[in-house]
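Student: Could we go through a protein structure together? I should like to ask about its side chains as we proceed.

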Amino acid sequence: MRRFLFIISILLFIFSGCEHSTSHHQHGLHEEQNGMIDVSVKLPEEIKAEIPFILELHLTQDGNSVNIADDVRVDVWKDRDEAKKTTYEARFDKDGIFLVELKIDQSGAYKLMYHVTAKGQHVMSEVLFVVGEGAE
């Protein structure tokens, strides 16, 4: 009986040390949180090669704009060539909106991954977009 209780105690100790896994896209850094940070990405309808454009990231939490963030940046790379990604820092504009000015030199399919660290959370996700031919 003692041996059985000892084994049960060991198993409880081991399992009590296991943590639940968090989502790959949203990681809470602190215990006390309200809702998760939501990021909406706005790109121009048409993006042309060699012409600068503005990427807009709108940060909200529980329906309210998030104006203060520790880090807002995006990685951009040509689809299937992540090794050649470039990182851009976003700048705060107003009402939870952070802006990144981009200029893509070649047409094709691209991906961007935003990284937002705010209110003790880190949120990241990929977005696919297409760049067309530049102005003639």
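Tutor: We shall discuss aromatic pairs, salt bridges, a pocket and two backbone angles. This is a predicted model, in which local features need pLDDT of at least 70 and side-chain atom pairs count only at pLDDT 80 or more, while totals for chains, interfaces and linings use all residues. Residues are numbered from 1 along each chain as its sequence is written, and side-chain values use heavy atoms, with hydrogens and water left out.

Student: How many aromatic pairs are there?

Tutor: The count is 3 aromatic pairs. Rings of Phe, Tyr and Trp (its six-membered ring) pair if their centres lie within 6.5 Å; planes under 30 degrees apart count as stacked, over 60 as edge-to-face and the rest as tilted.

Student: What kind of pair do F53 and F129 make?

Tutor: The pair is edge-to-face, because the ring planes of F53 and F129 stand at 65°, with the centres 6.5 Å apart. F53 belongs to strand β3 (residues 53-61) and F129 to strand β10 (residues 121-131), so the pair ties together parts that are 76 residues apart in sequence. Strands (E, at least two residues) are DSSP runs, numbered from the N terminus.

Student: Are those two rings buried or exposed?

Tutor: F53 is buried at 7% relative accessibility, and F129 is buried at 5%. Buried means under 20% relative accessible area, exposed over 50%, and partly exposed in between (1.4 Å probe, protein chains only).

Student: What about Y110 and F129?

Tutor: Their ring centres are 5.9 Å apart and their planes lie at 25°, so this pair is stacked. Y110 sits in strand β9 (residues 108-118), 19 residues from F129 in strand β10. Y110 is buried, as is F129. Together, F53, Y110 and F129 form one aromatic cluster.

Student: Changing topic, how many salt bridges are there?

Tutor: There are 5 salt bridges, each being a side-chain nitrogen of Lys or Arg within 4 Å of a carboxyl oxygen of Asp or Glu.

Student: Which residue does D71 pair with?

Tutor: D71 forms a salt bridge with R73, and their closest N and O atoms are 2.8 Å apart. D71 is buried at 19% relative accessibility, whereas R73 is partly exposed at 23%.

Student: And where do K111 and E126 lie?

Tutor: K111 lies in strand β9 and E126 in strand β10, so the pair ties together parts that are 15 residues apart in sequence. Their side chains meet in a salt bridge of 3.6 Å, N to O. Salt bridges with shared partners join D79, K111 and E126 into one network.

Student: What is the volume of the largest pocket?

Tutor: The volume is about 230 Å³. On a 1 Å grid over the protein atoms alone, a pocket is an open set of points where a 1.4 Å probe fits, with protein on both sides within 12 Å along at least five of seven lines; lining residues have an atom within 4 Å of a point. The volume is the space filled by probe spheres set on the points, which are joined across faces, edges and corners.

Student: Which strand gives the most to the lining?

Tutor: Strand β5 does, with 3 residues. The lining residues include W77, Y88 and Y110.

Student: Which residues have a positive phi without being glycine?

Tutor: R80 is one of them, with a phi of about 75°, and K119 has a phi near 50°. R80 lies in the loop between β5 (71-78) and β6 (86-89) and is exposed, at 81% relative accessible area. K119 lies in the loop between β9 and β10.

Note on methods. Helix = DSSP H or I, 4+ residues; strand = E, 2+ residues; numbered from the N terminus.
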